[in-house]
Amino acid sequence: MLPETHLPKGMRGVIRCPSRANPPLLSVTWTRDGRPLELDKVRPLQPCRPPHLPKPLLLTPPRSQLPGWSVRPDGSIVIATGNDDALGLYRCTPYNSYGTAGESRPTRVLLKDPPAFTVRPKEEYFQEVGRELVIPCVARGDPPPTVTWLKV
């Protein structure tokens, strides 16, 4: 069975590259479903002035071809908003000054529903001493969340 990486739907998530490097990591390449994932590619710079003017004064900064995706120095992919675009089978290949030991084991990226209240407790409850007090609390998610209570 393949290892799984769970990303929360609609929230920030991380796909880790399970590597250790000594000397330190220089770069990491990624594949998704067997195809190179080009996270470092940028679109050509675009002029910030109307086209009828001879030369632009400024150029817009480069943007990733996968907006909201970035790579950490440790090689992990950070996805700003987990959605169906992130689904797939990922492998990373880390490199240092000696080269690489090859691709990582694959991890299947799946989306999960983060916990959400369907019935949220109120801020404050009043009850006569010695009487039963029922505080409703129901949550949903995938996987189903565990509700724990803390007296403050």
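The paragraphs below go through this predicted model from the whole chain down to single residues.

The protein has 152 residues, and its secondary structure consists of ten strands and zero helices. Reading along the sequence therefore gives the pattern β-β-β-β-β-β-β-β-β-β. Of the residues, 21% count as buried. The surface that the protein exposes comes to about 11600 Å², and carbon and sulfur atoms supply 55% of that area. The contacts can be sorted by how far apart the partners are in sequence. Among contacts with a separation of 6 or more, 57% are between residues 24 or more positions apart.

UniProt, in an unreviewed entry, places the feature "domain: Ig-like" at residues 1–110 and at residues 115–152. In the model, the stretch 115–152 is 18% strand and 0% helix. The C-alpha atoms at the two ends of this stretch are 22 Å apart.

A few residues show how parts of the chain meet. Thr5 is a residue of strand S1, which covers residues 4–8. Is Thr5 buried or exposed? Thr5 counts as buried because its relative accessibility is 15%, and the cut-off for buried is under 20%. Leaving out residues up to four places away in sequence, Thr5 touches Val14 and Ile15, and also Thr107, Arg108, Val109 and Leu110. Val14 and Ile15 belong to strand S2, which spans residues 13–15.

Val14 and Ile15 appear again around Ser76. Ser76 is not in a strand but in the loop between strand S5 (69–71) and strand S6 (77–79). With a relative accessible area of 1%, Ser76 is buried. Which residues does Ser76 touch, not counting those up to four places away in sequence? They are Val14, Ile15, Arg16, Cys17, Trp30, Ser70 and Val71. Arg16 is 60 residues from Ser76 along the chain, yet their C-alpha atoms are separated by 4.4 Å.

Strand S3 covers residues 27–32, and Thr31 is in this strand. Thr31 counts as buried because its relative accessibility is 17%. Its contacts, again without residues up to four places away in sequence, are Pro36, Leu37, Leu89, Tyr90, Arg91 and Glu103. The C-alpha atoms of Thr31 and Thr93 are 8.6 Å apart, although 62 residues separate the two along the chain.

After S3 comes a loop leading to S4, and Asp33 lies in this loop. Most residues other than glycine have a negative phi, and most peptide bonds are trans. Asp33 is not a glycine but has a positive phi of about 55°. At 39% relative accessibility, Asp33 counts as partly exposed. Strand S4 covers residues 35–37, and Glu38 is in the loop between S4 and S5. Glu38 also counts as partly exposed, with a relative accessibility of 36%. Its C-alpha atom is 8.3 Å from that of Leu66, which is 28 residues away along the chain.

The model also contains cis peptide bonds. One of them joins Asn22 and Pro23, with omega about 10°. Pro23 lies in the loop between strand S2 and strand S3. A cis bond also joins Asp142 and Pro143, where omega is about 5°. Pro143 is in the segment after strand S10, which spans residues 138–140.

Strand S10 itself contains Arg140. Where does Arg140 make its contacts, if neighbours within four places in sequence are left aside? Arg140 is in contact with Pro114, Pro115, Ala116, Thr118 and Pro145. Thr118 is 22 residues away along the chain, and its C-alpha atom is 6.7 Å from that of Arg140. Arg140 counts as partly exposed because its relative accessibility is 47%, while a residue must be over 50% to count as exposed.

The last topic is the empty space in the structure. Rolling a probe the size of a water molecule over the atoms shows where empty space is left. The largest pocket has a volume of about 350 Å³. Its lining is made up of 18 residues, and those nearest the centre of the pocket are Lys122, Glu123, Tyr125, Ile135 and Trp149. Sorted by class, the lining has eleven nonpolar, two polar and five charged residues.

Note on methods:
Residues numbered from 1 in each chain as written. Predicted model: local features only at pLDDT ≥ 70, side-chain atom pairs only at ≥ 80, totals over all residues. Heavy atoms only, no water. Helix = DSSP H or I, 4+ residues; strand = E, 2+ residues; numbered from the N terminus. Buried < 20%, exposed > 50% of the residue type's maximum accessible area, 1.4 Å probe, protein only. Contact = heavy atoms within 4.5 Å. Areas by Shrake-Rupley, 256 points an atom, 1.4 Å probe, with all protein chains shown as cover. 1 Å grid on protein atoms, 1.4 Å probe; cavity = no way out; pocket = protein on both sides within 12 Å on 5 of 7 lines; lining within 4 Å. Points joined across faces, edges and corners; volume = space filled by probe spheres on them. Nonpolar A, V, L, I, M, F, W, Y, C, P; charged D, E, K, R; others polar. UniProt positions renumbered as here; feature names shortened; annotations may be inferred.
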